[in-house]
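This report goes through the domain layout, the salt bridges and a few single residues of one protein chain. Please keep the sequence and the structure at hand while reading.

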Amino acid sequence: MKTSDILIIGGGIAGMSTAYFLAKRGKSITVLEREDQPGYHSTGRSAALYSETYGPKIIRKMSTASRDFFLTPPDGFTENPILTPRGVILTAAPGNEGAIDEVLTDGRANGANVVALTADDIKKLIPILNTDLISCGALETDAMDIDVHALHWGFIRHFKKLGGELVVNADVSAIAKTATGWQVTAGNETYEAAIIVNAAGAWADEIAQKAGAKPLGITPKRRTAVMVDLPSDVNALGWHMVSDIGEGLYFKEDAGRLLVSPSDTTPTVPHDVQPEELDIAITIDRLMTATTLKINRPGEAWAGLRSFFADGDPVSAFDPEMGGFYWLAGQGGYGIQTAPAMGEYAASVICGDGVPARMAKIGITEDALAATRPGLGKPA
Ligand SMILES: Cc1cc2nc3c(=O)[nH]c(=O)nc-3n(C[C@H](O)[C@H](O)[C@H](O)COP(=O)(O)OP(=O)(O)OC[C@H]3O[C@@H](n4cnc5c(N)ncnc54)[C@H](O)[C@@H]3O)c2cc1C
């Protein structure tokens, strides 16, 4: 039997960022991860973008609250900067100009650097685009690429330095309530703690059910990414990412090639998701419609799960009926860019200190992340 103050189930970016901030507060923490690689699922399959204009309101606030950590992480956290400049161009098809206006107004109100672009401006920046299909756009100059591996392993390394234990190949199979907290079985081991944190991503409802808590309706949605080679006369180095604001396609340069996604959001069940042939074909078709590129053969493809609750917002809160059971799930397509603030927030709430003052100042409330929000419990 191993005993810790807090057990975290799931060693993805959500579990590890929270583990790091809890360990910094002097708590003894064990993280149980089913796979032999903690970034095997969603965390290792993202598009690695940091954008302060992307996602619902609470996500945008959490992204903004994460910026300082990304730009000035603790000493020795990573060898190289976590963020590198990218910029993202949002494009609108005719009829969708209002969505760009919203991004401009809202982004500026939040302090993001966003400028309006005409179709001609966009063509100058990304010459392969068929701008007759584009009415206007916006450029978020401060959007960045995230070195996800460095961030994730920065949290893991520093968590371990602070005495934390990450156990891999630890598939949590049973969770029982005890007089003082919880007893969790993973493989042949039993673990005990006063508090458990459910950071199991797409499997969050399964973990809740094992603990006897009511599922909150987490819905994993498949998203596909495909690598594409560029013709020798196209040099994409330094291009901004391009994303259709109607969420039909995005692409960004990656080591001289393009990473392309059809922005698919197909509901599925929690599993080791793989790309579907049809989604790859749709990706290539949309890329060829949006640009002058002719693609004969797509490169490697992968899919990952973006997991949502019904209202699109994450939950970071104790279960209202199960004392000591903390939900940390539903980060959707934004779990990397929000990880530093979400981890700090969760650690503060778990330790009974509520919303960190600097987050309260920008309007982050416990209600926004509560497990009691209306609509939770139904599938997204
Ligand atoms: C294609 C794609 C593009 C994306 N692009 C971006 C982006 O540009 N920017 C951004 O911020 N976000 C992006 N995301 C979203 C981001 O990847 C997720 O929000 C984030 O990784 C979620 O982290 P997590 O730790 O909750 O989940 P995961 O990384 O899935 O971690 C959950 C862990 O729980 C473990 N687990 C589950 N059940 C058990 C069990 N019974 N016992 C032990 N362990 C268990 C799993 O093995 C897994 O490792 C993207 C996602 C996809 C798929």
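Which domains does the domain assignment of the protein chain give? The model is a predicted one, and its assignment lists domain 1 (2–64 + 148–217 + 310–369) and domain 2 (88–141 + 219–308).

## Domain contact

The centres of domain 1 and domain 2, taken over C-alpha atoms, are separated by 29 Å. Domain 1 puts 24 residues into the contact, and domain 2 puts in 26 residues. Between domain 1 and domain 2 an area of about 2,000 Å² is buried, and carbon and sulfur atoms give 49% of that area.

How many salt bridges are found across the interface of domain 1 and domain 2? The rule finds 2 salt bridges there. On the side of domain 1 that touches domain 2, the residues divide into 9 nonpolar, 11 polar and 4 charged. The residue pairs in polar contact between domain 1 and domain 2 number 14, with both residues at pLDDT 80 or more.

## Salt bridges

Side chains of opposite charge can pair when their charged atoms come close. By the rule used here, the count comes to 16 salt bridges. The table gives some of them.

| Salt bridge | Closest N and O atoms |
|---|---|
| Arg-60 and Asp-106 | 2.7 Å |
| Glu-52 and Arg-67 | 2.9 Å |
| Glu-321 and Lys-214 | 3.1 Å |
| Arg-223 and Glu-247 | 3.7 Å |

Where do the partners Glu-52 and Arg-67 lie? Glu-52 is in the loop between β4 (49–50) and α2 (57–71), and Arg-67 is in helix α2, so this pair ties together parts 15 residues apart in sequence. Glu-52 is buried, because its relative accessible area is 4% and buried means under 20%. Arg-67, with a relative accessible area of 28%, is partly exposed.

The side chains of Glu-321 and Lys-214 also meet in a salt bridge, at 3.1 Å from N to O. Glu-321 sits in the loop between β21 (315–318) and β22 (325–329), whereas Lys-214 sits in the loop between α6 (204–211) and β15 (219–228); the pair therefore ties together parts that are 107 residues apart in sequence. Are these partners buried or exposed? Glu-321 is exposed, with a relative accessible area of 55%, and Lys-214 is exposed, with 52%.

For Arg-223 and Glu-247, the N to O distance in the salt bridge is 3.7 Å. Arg-223 belongs to strand β15 and Glu-247 to the loop between β16 (241–244) and β17 (250–254); the pair links distant parts of the chain, 24 residues apart. Arg-223 has a relative accessible area of 7% and is buried, while Glu-247 counts as partly exposed at 38% relative accessibility.

Which residues are linked in a network of salt bridges? Such a network links Arg-86, Asp-145, Lys-252 and Glu-253.

## Two buried residues

Thr-91 is part of strand β6 (residues 88–92). Its relative accessibility is 7%, so Thr-91 counts as buried. Outside its neighbours within four places in sequence, Thr-91 has contacts that include Ile-100, Ile-122, Ile-134, Cys-136 and Gly-137. Also among the contacts of Thr-91 are Val-242, Ser-243, Asp-244 and Ile-245.

Ile-156 is placed in helix α5 (residues 148–161). With a relative accessibility of 0%, Ile-156 counts as buried. Not counting residues up to four places away in sequence, Ile-156 touches Met-16, Pro-38 and Leu-166. From Ile-156 to Gly-363 the separation is 207 residues in sequence and 29 Å in space, C-alpha to C-alpha.

## Positive phi values

Most residues other than glycine have a negative phi. What is the phi of Ala-48? Ala-48 is not a glycine, yet has a positive phi of about 65 degrees. Ala-48 lies in the loop between β3 (29–32) and β4, and is buried with a relative accessible area of 14%.

Ser-263, a residue other than glycine, has a positive phi near 55 degrees. The loop between β18 (257–261) and β19 (266–267) holds Ser-263. Ser-263 is buried, with a relative accessible area of 6%.

Notes:
Residues numbered from 1 in each chain as written. Predicted model: local features only at pLDDT ≥ 70, side-chain atom pairs only at ≥ 80, totals over all residues. Heavy atoms only, no water. Helix = DSSP H or I, 4+ residues; strand = E, 2+ residues; numbered from the N terminus. Buried < 20%, exposed > 50% of the residue type's maximum accessible area, 1.4 Å probe, protein only. Contact = heavy atoms within 4.5 Å. Domains from an automatic or database assignment. Buried area = accessible area lost by both parts, 1.4 Å probe. Salt bridge = Lys/Arg side-chain N within 4 Å of Asp/Glu carboxyl O. Polar contact = N/O pair within 3.5 Å; in protein donor to acceptor, adjacent residues only side chain to side chain. Nonpolar A, V, L, I, M, F, W, Y, C, P; charged D, E, K, R; others polar.
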